[in-house]
Amino acid sequence: MANEQWTIVPTGEITGLQGVPVSQGGTGKTSWTKYCIPFLSDTTAFGEIPIGSANQYLKVNATVTGYEFGTVEVSHNLLSASHPDTITASPVLGDLIVGNATPKWERLAGNTTTTKKFLSQTGTGTISAIPVWDTLVDGDIPTNIVRNTRQILTGTGLTGGGDLSADRTLSLTVPVAIANGGTGQDWSAIVQGNIPYFSATGVMSPLAPGTANQILITGGGGANPSWLNIASLLTAGSNISISGTTNVTIATIANPTFSTSVSTPLLTNAGALTIQTTATAGADDIIFQTAGTERMRILENGNLGIRTTAPRGILDVIAPANTHANIYWDTTTAGYASNFLFYEGGVAKASVQHNPSVSAGGLIFQTGGISAPANTKVTIDSSGNFGIGTTDQFGSGAKVIGLANATTVPSTNPTGGGVLYAEGGALKWRGSAGTVTTIAAA
């Protein structure tokens, strides 16, 4: 075994190395291309994945011998509850996604034992195989790693800050610098899901794990990789397919189309549910359609139209041609009133009511308020009786007119007409000349 002189300088870097090998905690490389992503090849040597383009993600290549960047397909929801390429759904913490021989995506369950295990994969020489979790043994690592016919790891030449043990383990007090085949980072504090990457300054750093519904993209030259919500890649006219209980957050999209194959889809929310448009005035309507035809529209000024695209007021209802315009009020439970209530500035002014306790199934008209019996001015009961100032003074008749005594007898002459009223039970008429005629005595 050839001897080499290594030196650890005060800054902690090791000089004179040909690259610390993978088996000793290094990468076997002495330089890296900016923005590249490192990976281990099938020869257990570190390689580089060149920087991709904007909005690309990292994937296994077609021959399962390395990695490459691909373009995001936003409608391809891996391992969703109903995706056609999925064999096993419901991934959990630590699971991996692998391709099987079908070919389809398959979930590789994570290692749930308390024993540290590593991914092992043995192909046929031309065809790969699904990886399995296995325990790393001595035979998996060669005694010496040879590069350019020179053995780059020896037991001599280590000075000040390092130690090479008898079992070929290299222990250092500082991280091995990139120039010496290391990463320049202390990786002891990383967490599951961290991804190493090189920044614009050539420093390898860990990227924090992403969250649900995110993919890893590159920003092109001059930008670090980052996680991105799939929904933010959608563009105008994109269709969004939501299956099962999948949650999708949508960024600003022009003219989005929502479709579902569910027979009775349900839109719910634990709190307030808001449907909002943000277009300019005149183009900010909310439109409701059934069977491909508009049925209701809310204009940007708040007017509501049913079967009309141009409601003329707060509520505008238009019946289809050759049909009646019917509006139904039903209290469901007998004995309760159905009301049209009129307010002014928050104050009750008048009402038209179907009140079974007052008009026996008829109508009452109230003014000056809507609650006191004195507010009832006109009544039409279920027998067809018409009452002015009374709800029941019909003399046990049916289809008669009941007239209560005038609260105030008319004292001025009605111009161009006359006044009919009751006084003391007598029916009287006051004409425009002031003559009072008793039509019928009490």
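**Group meeting: a chain built from strands**

Okay, let's start with contacts: if you take those in the protein chain between residues at least 6 apart in sequence, 22% join residues at least 24 apart. Keep in mind that this is a predicted model.

What does the secondary structure come to? One helix and 33 strands. The chain has 442 residues, and buried ones make up 24% of them. As for the accessible surface, that's about 28400 Å², with 54% of it belonging to carbon and sulfur atoms.

So much for the totals; let me take you to a hairpin. Strand β3, residues 37-40, runs antiparallel to β4, and four bridges join the two. One pair to look for on your screen: P38 stands opposite E48 in β4. Between the strands of this hairpin there are five residues, and T44 takes a positive phi near 60°.

Now stay on β4, residues 46-49, and look at the side chains. Which ones are buried? G47 and I49, which point to one face. F46 and E48 point to the other face and are not buried. That puts E48, the residue across from P38, on the face that isn't buried.

Next, a sheet further along. It's an open one with six strands, and the order is simply β25-β26-β27-β28-β29-β30, with mixed pairing. Why is one side of β25 and of β30 left without a neighbour in the sheet? Because these strands, 338-344 and 401-403, stand at the edges, each with a single partner strand. From one strand to the next, the twist averages 15°. As a general reminder, strands of a sheet pair through backbone hydrogen bonds, either parallel or antiparallel.

Let's zoom in on β27, residues 363-367. On one side, β26, residues 347-354, pairs with β27 in the antiparallel sense, over four bridges. With β28, residues 376-380, the pairing of β27 is antiparallel too, again over four bridges.

F365 is a nice residue to click on here. V352 has F365 as its bridge partner in β27, and F365 also stands opposite V378 in β28. For L363, the bridge partner in β28 is I380.

And which face of β27 is covered? The one with I364 and Q366. L363, F365 and T367 make up the uncovered face. So if you've still got F365 selected, you're looking at a residue on the uncovered face that has V378 opposite in β28.

That's my tour; happy to take questions.

Notes
Residues are numbered from 1 along each chain as its sequence is written. This is a predicted model: local features need pLDDT of at least 70, side-chain atom pairs count only at pLDDT 80 or more; totals for chains, interfaces and linings use all residues. Side-chain values use heavy atoms; hydrogens and water are left out. Two strands pair if DSSP finds at least two bridges between them. Axes are lines fitted to C-alpha atoms, for helices over the stretch in contact, and angles run from 0 to 180 degrees between N-to-C directions. Buried means under 20% relative accessible area, exposed over 50%, partly exposed in between (1.4 Å probe, protein chains only). Contact means heavy atoms within 4.5 Å. Accessible areas come from the Shrake-Rupley method with a 1.4 Å probe; for residues, only the protein chains shown count as cover.
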